[in-house]
Amino acid sequence: MSDSTALRVADLPQNAPTAFEITPDKDALAALATEMGVNALRKLRFTGEIRAMGKKDWKLTGRLGATVVQDCVVTLEPVTTRIEEPVEITYLSRFETPEGAEIEMPEDDSIEPLGSHIDPAAVMAEALALHIPAYPRKDGAELGEAVYAEDGVQPMRDEDTKPFAGLAALRGQLKDED
C-alpha cells in the first residue's frame with residue numbers, strides 16, 4: 001500500500017513486540033475501495049503486532065475491522081457488510097518455495113517467506129480482499145427462476161436438472177398407468 005508502513009526487519013527489536021495501527025483516511029479508503037471493486041469502504045482499521053520467533057523468524061498477529069458497501073448480486077441495491085477477522089502470518093527466513101510443473105498448495109497458507117521488510121498495510125489489503133463477500137446479498141433477496149422455451153415446447157426448469165427428477169417423473173408415470 002505505502003512504503004511508510006513497511007517495517008525494515010533489521011530494525012525490529014528481537015526482545016519486544018512492535019505494535020502497529022493502521023486507519024486509512026478518506027482518500028486512502030476511496031482508493032482501496034476502487035482497487036477492491038466495491039462501492040465504498042466506510043471504516044477500516046488494522047491493529048496488531050510483529051514479534052520475533054527465535055533468531056530469524058517473525059510473526060504478525062492482528063485484527064482487521066472493516067465496513068464494506070457492495071451491490072447485491074440479486075437486487076443491485078447497496079449491501080453493507082461488517083468484517084471482523086483475526087490475521088496471522090508467520091515469516092520464515094528459511095522458506096522453501098516448491099518448484100515444478102505441478103505443485104500442491106501448502107495446507108498452512110499463513111506462512112510467507114521473510115523479506116527485508118514486513119508491511120502491515122499490504123497484509124491489511126490482502127486480508128481485506130480475502131474477506132470481502134464474493135456474492136453479497138440483501139437480506140431476503142432470492143434469485144428466483146427464469147424459464148425460457150420456444151412456443152409448444154415444455155420448458156426445462158431447475159427442478160428437472162436435479163439427479164432424481166427424472167426418476168420421480170418416471171415413477172409418477174408408472175403410478176398413472178396402474
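Reader: Taking contact to mean heavy atoms within 4.5 Å, what does serine 110 touch once its neighbours within four places in sequence are left aside?

Author: In this predicted model, where local features need pLDDT of at least 70, side-chain atom pairs count only at pLDDT 80 or more, and totals for chains, interfaces and linings use all residues, serine 110 is in contact with Glu88, Ile89 and Thr90. Residues are numbered from 1 along each chain as its sequence is written, and side-chain values use heavy atoms, with hydrogens and water left out.

Reader: Where does serine 110 sit in the chain, and is serine 110 buried or exposed?

Author: Serine 110 belongs to the loop that joins strand 5 (78-92) to strand 6 (111-113), where helices (H or I, at least four residues) and strands (E, at least two) are DSSP runs numbered from the N terminus. With a relative accessible area of 17%, serine 110 is classed as buried, that is, under 20% with a 1.4 Å probe and protein chains only, whereas exposed means over 50% and partly exposed lies in between.

Reader: And Thr90, what's around that one, again skipping residues up to four places away in sequence?

Author: Threonine 90 is part of strand 5, and its relative accessibility is 10%, so threonine 90 counts as buried. Its contacts take in Met53, Trp58 and Lys59, and also Ser110, Ile111 and Glu112, so that the pairing with serine 110 appears in the contacts of that residue too.

Reader: Stepping back, how many helices and strands are there, and in what order do they run?

Author: The chain has three helices and seven strands, and from the N terminus on they follow the pattern β-β-α-β-β-β-β-β-α-α. Of the 178 residues in the chain, 28% are buried. When contacts between residues at least 6 apart in sequence are considered, 61% of them join residues at least 24 apart.

Reader: Which residues of helix 1 are buried, and how are they arranged around its axis?

Author: In helix 1, which covers residues 26-36, the buried residues are Leu29, Leu32, Ala33 and Met36. Viewed down the helix axis they fall within an arc of 105 degrees, so they line one face of helix 1, the arc being that of the directions from the axis to the C-beta atoms. An α-helix has 3.6 residues a turn, so residues three or four places apart point the same way.

Reader: What do those buried residues pack against, and what is on the face turned away?

Author: The buried residues of helix 1 pack against strand 3 (40-53) and against helix 2, while the face turned away from the buried side carries Asp27, Thr34 and Glu35, which are exposed. Just after helix 1 comes glycine 37, whose phi is positive, near 75 degrees.

Reader: Different topic: where is lysine 138, and what does it contact beyond its neighbours within four places in sequence?

Author: Lysine 138 is in the loop that runs between helix 2 (120-131) and helix 3 (165-177), and its contacts, with those neighbours set aside, are Cys72, Thr75, Glu77, Pro78 and Val79. Lysine 138 has a relative accessible area of 32%, so it is partly exposed.

Reader: How far apart are the C-alpha atoms of lysine 138 and valine 79?

Author: They are separated by 5.8 Å, although lysine 138 and valine 79 are 59 residues apart along the chain.

How values were computed: Contact = heavy atoms within 4.5 Å.
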